[in-house]
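Q: Got a minute to walk through this one with me? I'd like to start with the charged pairs.

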Amino acid sequence: MSTDRIAFASDHLTASFNAQSFGGLAWAHDWVSDPALAALFQTLPGSSFIVNGATPAKDSALVSAGTELRLANGVTLLGKFDGEFASRASTYAGTGTLRYMW
């Protein structure tokens, strides 16, 4: 798989919090055309078999974006989105984090 990526980050400072926004866009190209895999157990002669997988999308867009908010009292809030979008499939996920440091 090969990818090309563009990323950004931005900071916002005030007296009570520090916010950082971040994100990125990428294009991914997968070179796999035959997802079959031949496997065998080395200690068991004649036990070879073939595993067939789903053919991945050739081209897909990768997206990532989020914001981290650091409050003055040691609390950090983080929200993040990650996604992979192609013609036949899409995968996306969100993450939320609450962190306290003392």
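A: Sure. A salt bridge here is a side-chain nitrogen of Lys or Arg within 4 Å of a carboxyl oxygen of Asp or Glu. Keep in mind that this is a predicted model.

Q: How many salt bridges does that rule count?

A: The count comes to three salt bridges.

Q: What distance, N to O, goes with the salt bridge of Arg70 and Glu68?

A: It is 3.4 Å, N to O, between the side chains of Arg70 and Glu68.

Q: Glu68, buried or exposed?

A: Glu68 is buried, because its relative accessible area is 11% and the cut-off for buried is under 20%.

Q: And Arg70, what's its relative accessible area?

A: Arg70 has 44%, so it is partly exposed.

Q: Which Arg in strand 7 pairs with Glu68?

A: Arg99. The side chains of Glu68 and Arg99 meet in a salt bridge at 3.9 Å, N to O. Glu68 lies in strand 5 and Arg99 in strand 7, so the pair ties together parts 31 residues apart in sequence. Arg99 counts as partly exposed, because its relative accessibility is 36%.

Q: Where does Lys80 find its salt bridge partner?

A: At Asp82, with the closest N and O atoms 3.6 Å apart. Lys80 is partly exposed, with a relative accessible area of 32%. Asp82 counts as partly exposed too, at 28% relative accessibility.

Q: Which residues do shared partners join into one network?

A: Glu68, Arg70 and Arg99 are joined into one network by salt bridges that share partners.

Q: Why would such side chains pair at all?

A: In general, side chains of opposite charge can pair when their charged atoms come close.

Q: OK, new topic. How many helices and strands in the protein chain?

A: Zero helices and seven strands. From the N terminus on, the elements run β-β-β-β-β-β-β.

Q: Is the chain spread out or compact?

A: The chain is more spread out than a compact globule, because its radius of gyration is 21 Å, well over the 13 Å that the globule rule gives for 102 residues. Along the principal axes, the C-alpha atoms fill a box of roughly 70 × 35 × 20 Å.

Q: What share of the residues count as buried?

A: Of the 102 residues, 19% count as buried.

Q: Let's do the strands. In which sense do strand 5 and strand 6 pair?

A: Antiparallel, over 11 bridges. Strand 5 covers residues 59–71 and strand 6 covers residues 75–86. Ala61 stands opposite Phe85 in strand 6.

Q: What's in the turn of that hairpin, and which residue takes a positive phi?

A: Three residues sit between strand 5 and strand 6. Gly74 takes the positive phi, near 90 degrees.

Q: And how many bridges join strand 6 to strand 7?

A: 11 bridges, and the two strands run antiparallel. Strand 7 covers residues 90–100. A hairpin joins strand 6 to strand 7 through three residues.

Q: Which residues stand opposite each other there?

A: The bridge partner of Phe81 in strand 7 is Gly94. Thr76 stands opposite Arg99. That is the Arg99 whose side chain meets Glu68 in a salt bridge.

Q: Back to strand 5 for a second. Leu62, buried or exposed?

A: Leu62 is buried, because its relative accessible area is 17%. The place of Leu62 is in strand 5.

Q: How far is Leu62 from Lys80?

A: Their C-alpha atoms are separated by 14 Å, and the two residues are 18 residues apart along the chain.

Q: Last topic, pockets. What volume does the largest pocket have?

A: About 170 Å³. It is lined by 14 residues, and the closest to its centre are Pro56, Ala57, Glu84, Ala86 and Ala89.

Q: Which elements give two or more residues to that lining?

A: Strand 2 (17–29), strand 6 and strand 7.

Q: And how does the lining split by class?

A: Six nonpolar, five polar and three charged residues.

Terms used: Residues are numbered from 1 along each chain as its sequence is written. This is a predicted model: local features need pLDDT of at least 70, side-chain atom pairs count only at pLDDT 80 or more; totals for chains, interfaces and linings use all residues. Side-chain values use heavy atoms; hydrogens and water are left out. Two strands pair if DSSP finds at least two bridges between them. Helices (H or I, at least four residues) and strands (E, at least two) are DSSP runs, numbered from the N terminus. Buried means under 20% relative accessible area, exposed over 50%, partly exposed in between (1.4 Å probe, protein chains only). On a 1 Å grid over the protein atoms alone, a cavity is a set of points where a 1.4 Å probe fits but cannot get out, and a pocket is an open set with protein on both sides within 12 Å along at least five of seven lines; lining residues have an atom within 4 Å of a point. Grid points are joined across faces, edges and corners, and a volume is the space filled by probe spheres set on the points. Ala, Val, Leu, Ile, Met, Phe, Trp, Tyr, Cys and Pro count as nonpolar, Asp, Glu, Lys and Arg as charged, and the others, Gly among them, as polar. The radius of gyration is taken over C-alpha atoms; the globule rule is 2.2 Å times the number of residues to the power 0.38.
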